[in-house]
Amino acid sequence: MHTSGDLSLEATNAIAKYFEMTIDELVNFDGNVPEEITIGDKSLTEKVKLIALLDEDEKNVVFK
């Protein structure tokens, strides 16, 4: 859901680049950056379990 107060991904990326930060660092400014998870070497069952842990917006991105 996009409301007038939300920043686009492009705007968020531009701000992060301006401050020489990653988007993760910008969004999680308190230093609580989530641990990176790679699923390339996971089994299909493990991938489905990881997807199930995502919030609805993140799941929508994966399925798009």
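The side chain of T12 reaches the backbone oxygen of S8, at 2.9 Å. That is a good place to enter this model, which is predicted. T12 is found in helix α1. The relative accessible area of T12 is 13%. Buried means under 20%, so T12 counts as buried. Leaving aside residues up to four places away in sequence, T12 touches L7, I23 and L26.

Take those partners in turn. L7 lies in the segment before α1. Unlike T12, which is buried, L7 is exposed, at a relative accessible area of 54%. The cut-off for exposed is over 50%, so L7 passes it. I23 falls within helix α2, which spans residues 23–27. L26 falls within that residue range as well. T12 of helix α1 therefore touches two residues of helix α2, I23 and L26.

L7 also leads outward. Together with I15, Y18 and F19, L7 forms a nonpolar patch on the surface. The four residues have about 470 Å² of accessible area together. I15 and Y18 fall within helix α1, residues 9–18.

Now step back to the whole chain. The chain has 4 helices and 0 strands. Along the sequence the pattern reads α-α-α-α. Of the 64 residues, 6% count as buried. T12 is one of the buried residues. The chain exposes about 5900 Å², and carbon and sulfur atoms supply 57% of that area.

Charged contacts come next. How many salt bridges does a search of the whole structure find? The search finds 1. The side chains of E56 and K59 meet in it, at 3.7 Å from N to O. Both residues lie in helix α4, which covers residues 56–63. They sit 3 residues apart, about one turn of the helix.

Is each partner buried or exposed? E56 is exposed, with a relative accessible area of 54%. K59 is buried, with a relative accessible area of 18%. The 18% of K59 is under the 20% cut-off, so K59 counts as buried. The salt bridge thus pairs an exposed residue with a buried one.

Last, confidence. The chain averages a pLDDT of 81. A score of at least 70 is reached by 88% of the residues. Confidence is highest in helix α1, at a mean of 90. It is lowest in helix α2, at 83. The T12 contacts described above involve helix α1 and residues I23 and L26.

Definitions and conventions
Residues numbered from 1 in each chain as written. Predicted model: local features only at pLDDT ≥ 70, side-chain atom pairs only at ≥ 80, totals over all residues. Heavy atoms only, no water. pLDDT = per-residue confidence, 0-100. Buried < 20%, exposed > 50% of the residue type's maximum accessible area, 1.4 Å probe, protein only. Areas by Shrake-Rupley, 256 points an atom, 1.4 Å probe, with all protein chains shown as cover. Polar contact = N/O pair within 3.5 Å; in protein donor to acceptor, adjacent residues only side chain to side chain. Contact = heavy atoms within 4.5 Å. Patch = residues over 30% accessible without salt bridge, like charges linked within 9 Å, V, L, I, M, F, W, Y side chains within 5 Å.
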